[in-house]
Amino acid sequence: LVLLLVLATAWLVRSMPAAEEPKPAPPPNEPDYYMKDFRLRNFNPQGVLQTEIQGAFGDHLPGNDTIRTQQLRSYSLDASGVETRATADRSVSDSKGKDIQLYDNVKVVRTDPRPDKDGQPRVPTILESDYLHVINQQESIRTDRPVRITQGKDVINGNGLEYTAESKVLRIDGRVRAQIQPAPARP
């Protein structure tokens, strides 16, 4: 019986496949995973959608821990109910979403549902450029490329932009052209 057990064990050891050597990690400048037609969502504890990121294609570069996305569409809702939607042909972001660069046909639409000081609905603010650098930690937006800001019939064009939420100051650089419509007459 012991001899039979030894023979069975020897046969089992020989018939098992050889252990594979661990695969080497991909080079740091080559993607380690891909996403196609993806949608990532984040909900608050009450089940309300807080953020959503969609893309036609995405990949992750392990060397600098960045995520690249093609045909980006994003949505976010802040604590005060302000919705921000952004689209871009491509983007590069750190894996935490704190440092984001949007490229080509960038459009950001910010909609505040709260009425203005006169009780009227607010008009969405639209920002368009070929490049935007967004740093969420500092709540700042920058670009050194032509930019167009539209709010209703008001339009501002410039050659660059810098905004920081802390200071609430929007600086538009270069040759700035603005078309500001007069406020409607009050009854």
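Good morning. There are two aromatic pairs in this structure, which is a predicted model, and I shall begin with them. A pair of aromatic rings is described by the distance of the centres and the angle of the planes.

In one of the pairs, Tyr-34 and Phe-57 meet in a tilted arrangement, with 5.9 Å centre to centre and 40° between the planes. This pair joins distant parts of the chain, since Tyr-34 belongs to strand β1 (residues 33-43) and Phe-57 to strand β2 (residues 49-61), 23 residues apart. How accessible are the two partners? Tyr-34 has a relative accessible area of 54% and is therefore exposed, the cut-off being over 50%. Phe-57, at 33%, is partly exposed.

The other pair consists of Tyr-103 and Tyr-131, also tilted, with 5.2 Å centre to centre and 45° between the planes. Here too distant parts of the chain are linked: Tyr-103 lies in strand β5 (residues 99-111) and Tyr-131 in strand β6 (residues 125-135), 28 residues apart. Are these two tyrosines buried or exposed? Both Tyr-103 and Tyr-131 are buried. Tyr-103 has a further partner, for the charged end of Arg-90 sits over its ring, 4.2 Å from the centre.

Let me turn to the nonpolar core. In soluble globular proteins, nonpolar side chains tend to be buried together. In this model, the largest nonpolar core comprises 14 residues, and those with the most contacts inside it are Leu-102, Val-106, Val-108, Leu-127, Leu-132 and Ile-149. Four strands, namely β4 (83-94), β5, β6 and β8 (147-151), each contribute at least two residues to this core. Which strand gives the most? That is β5, with four residues. As an illustration, consider Val-108: apart from its neighbours within four places in sequence, Val-108 is in contact with Thr-84, Arg-85, Ala-86, Thr-125, Ile-126, Leu-127 and Leu-132.

Finally, I draw your attention to a charged residue, Asp-59, which is located in strand β2. Why does Asp-59 count as buried? Its relative accessibility is 6%, and buried means under 20%, so Asp-59 falls within that class. With which side chain does that of Asp-59 make a polar contact? The partner is the side chain of Arg-68, at 2.8 Å. Beyond its neighbours within four places in sequence, Asp-59 is in contact with Pro-31, Tyr-33, Tyr-34, Met-35, Thr-66, Ile-67 and Arg-68. That list brings us back to Tyr-34, the exposed member of the pair with Phe-57. Thank you.

How values were computed. Residues are numbered from 1 along each chain as its sequence is written. This is a predicted model: local features need pLDDT of at least 70, side-chain atom pairs count only at pLDDT 80 or more; totals for chains, interfaces and linings use all residues. Side-chain values use heavy atoms; hydrogens and water are left out. Rings of Phe, Tyr and Trp (its six-membered ring) pair if their centres lie within 6.5 Å; planes under 30 degrees apart count as stacked, over 60 as edge-to-face and the rest as tilted. Buried means under 20% relative accessible area, exposed over 50%, partly exposed in between (1.4 Å probe, protein chains only). A charge sits over a ring if NZ of Lys or CZ of Arg is within 6 Å of the ring centre and within 35 degrees of the ring normal. A nonpolar core is a set of buried Ala, Val, Leu, Ile, Met, Phe, Trp, Tyr and Cys residues joined through side-chain atoms within 4.5 Å. Contact means heavy atoms within 4.5 Å. A polar contact is a pair of N or O atoms within 3.5 Å; within protein, one must be able to donate a hydrogen and the other to accept it, and residues adjacent in sequence count only if both atoms are side-chain atoms.
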